[in-house]
Amino acid sequence: MGIPLLSPPHLTHPRTDFPYEERRLHPFRRYDLIPLNAAGVWLLRCGFIQLTTSQLSGDEVILGWVRPYEFVSPWFTRLTVYDAIALGDVYLQWFSLEEIEDSAVLMRSVLHSTRRRLQQTEAILAIAGQRRVEDRLIQLLILLREELGESQPGQPWIKLPIRFTHQTLASTIGTTRVTITRLLGKFQREGLLALDGDRHFMINNTLVNV
C-alpha cells in the first residue's frame, strides 16, 4: 500500500484573504508528472514542485521550484520541454486563463508568483556562471535555504523539507554526482551541513557566499 496523501489543506493566503479555499483540490503523489495545459494554470496549495527541461543529449536540467500559493503552467515559458514533478504529496487547484483575466485577486497572485519565479531563475543563472564548482554548490545551498528552508527553533540549522538527491544538485549546477558527494562530505566535516534522520539536508546559518 502506498503512502497516504496528506489531508487537504485549509490554509489562508499568506498575503490576502484568498477567496478560493473551497475550490476542488487535485492530489498528486511524489514523483508524479503534473499534467500541464497552456489554457490555464495550476495553483499549488500544498507541497513542492520541481520544474525541469531536457537537453538534446537527454540530460535533465533543473529550472527551479514552486512553493505553496505559487502558479505553474507552460503559459509562463517558451520551452518546448517543460515538466513539473511533484516532490512529495501535493494538492493543486486549476484555473482557466479566462478566470485569471476576470479576477483582480487571481491576477495579483499570478503577478506575485511570476515575479518570484523570475528572481529564482536569475539566481540560478548567476550560480551557473560561477567558475568553481564548490562556489556553485555553496550558492545553490544558500538559495535553497532561502527559498525552501524551515527554521529549527533554538538551532543554527535551516532544514530543507524536500529530500534532494546528489544527482539533482549535480544537474542544477552542471557537474557530476561524484563531485557533489565529495563536496557535501567536505561541508559536513566543516560543520556547514548535516542530515536529519530522514536524510533531509540541514544547512547551517553560517554558510555564506564566498
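**Figure 1. Buried residues of helix H4 in the predicted model.** In helix H4, the buried residues are Thr-168, Leu-169, Ala-170, Ser-171, Thr-172 and Ile-173. The structure shown here and in the following views is a predicted model. H4 spans residues 166-173, and because six of its eight residues are buried, the helix is largely enclosed by the rest of the structure. The cover over these buried residues includes strand E3 (49-54), strand E4, helix H2 (104-128), helix H3 (133-148), helix H5 (177-189) and strand E11 (201-204). Immediately after H4, Gly-174 adopts a positive phi of about 70°.

**Figure 2. Packing of helix H4 against helix H5.** The axes of H4 and H5 cross at roughly 110° and come within 8 Å. H4 is therefore roughly perpendicular to H5. On the H4 side, His-166, Gln-167, Leu-169, Ala-170 and Ile-173 take part, and they meet Arg-177, Ile-180, Thr-181 and Leu-184 of H5.

**Figure 3. Surroundings of Thr-181.** Thr-181 is a residue of helix H5. Its relative accessibility is 33%, so Thr-181 counts as partly exposed. The side chain of Thr-181 is joined to that of His-166 by a polar contact of 2.7 Å. Both residues also appear among those through which H4 and H5 meet. As a further reference point, the C-alpha atoms of Thr-181 and Leu-160 are 17 Å apart in space, with the two residues 21 places apart in sequence.

**Figure 4. Packing of helix H3 against helix H5.** Two packed helices are described by the angle between their axes and the distance between the axes. For H3 and H5, the angle is about 70° and the axes are 11 Å apart. H3 is thus roughly perpendicular to H5, and the crossing of the two helices is right-handed. From H3, the contact involves Val-133, Glu-134, Leu-137, Ile-138 and Leu-141, while H5 contributes Thr-179, Ile-180, Leu-183, Leu-184, Lys-186 and Phe-187.

**Figure 5. The largest nonpolar core and a second, separate core.** The largest nonpolar core has 29 residues, of which Trp-65, Leu-137, Leu-144, Phe-164, Leu-169, Leu-184 and Phe-187 touch the most other members. Two or more residues of this core come from each of E4, H2, H3, H4, H5 and E11. The most is given by H3, with eight residues. Apart from residues up to four places away in sequence, Phe-164 touches Gln-50, Trp-65, Leu-144, Leu-148, Leu-169 and Phe-201. A second core, separate from this one, comprises 14 residues, including Ile-34, Trp-42, Tyr-82 and Leu-92.

**Figure 6. Glu-70 in the loop between strands E4 and E5.** Glu-70 is located in the loop that connects strand E4 (60-66) and strand E5 (71-72). With a relative accessible area of 3%, which is under 20%, Glu-70 is therefore buried. A polar atom of the Glu-70 side chain lies 2.9 Å from the backbone nitrogen of Arg-67. When neighbours within four places in sequence are set aside, the contacts of Glu-70 are Trp-42, Leu-43, Leu-44, Trp-65, Ser-113 and Arg-116. Among these contacts, Trp-65 belongs to the largest nonpolar core, whereas Trp-42 belongs to the second core.

**Figure 7. Gln-93 in strand E7.** Gln-93 is part of strand E7 (residues 90-96). Its relative accessibility is 0%, so Gln-93 counts as buried. The side chains of Gln-93 and Arg-45 are joined by a polar contact of 3.4 Å. Beyond neighbours within four places in sequence, Gln-93 is in contact with Tyr-20, Glu-21, Arg-23, Arg-24, Leu-25, Val-41, Trp-42, Leu-43 and Arg-45.

**Figure 8. Trp-94 in strand E7.** Trp-94 is likewise found in strand E7. At 25% relative accessibility, Trp-94 counts as partly exposed, whereas Gln-93 counts as buried. Trp-94 and Gly-40 are separated by 54 residues in sequence and by 7.1 Å in space, C-alpha to C-alpha. Gly-40 is also one of the residues in contact with Trp-94 outside its neighbours within four places in sequence; the others are Arg-23, His-26, Asn-37, Ala-39, Val-41, Trp-42 and Glu-99. Arg-23, Val-41 and Trp-42 are in contact with Gln-93 as well.

Definitions and conventions. Residues numbered from 1 in each chain as written. Predicted model: local features only at pLDDT ≥ 70, side-chain atom pairs only at ≥ 80, totals over all residues. Heavy atoms only, no water. Helix = DSSP H or I, 4+ residues; strand = E, 2+ residues; numbered from the N terminus. Buried < 20%, exposed > 50% of the residue type's maximum accessible area, 1.4 Å probe, protein only. Polar contact = N/O pair within 3.5 Å; in protein donor to acceptor, adjacent residues only side chain to side chain. Contact = heavy atoms within 4.5 Å. Core = buried A, V, L, I, M, F, W, Y, C linked by side-chain atoms within 4.5 Å. Axes fitted to C-alpha atoms, helices over the stretch in contact; angles between N-to-C directions. Parallel < 35°, antiparallel > 145°, perpendicular 65-115°, else oblique. Left-handed = near helix turned anticlockwise from the far one by under 90°.
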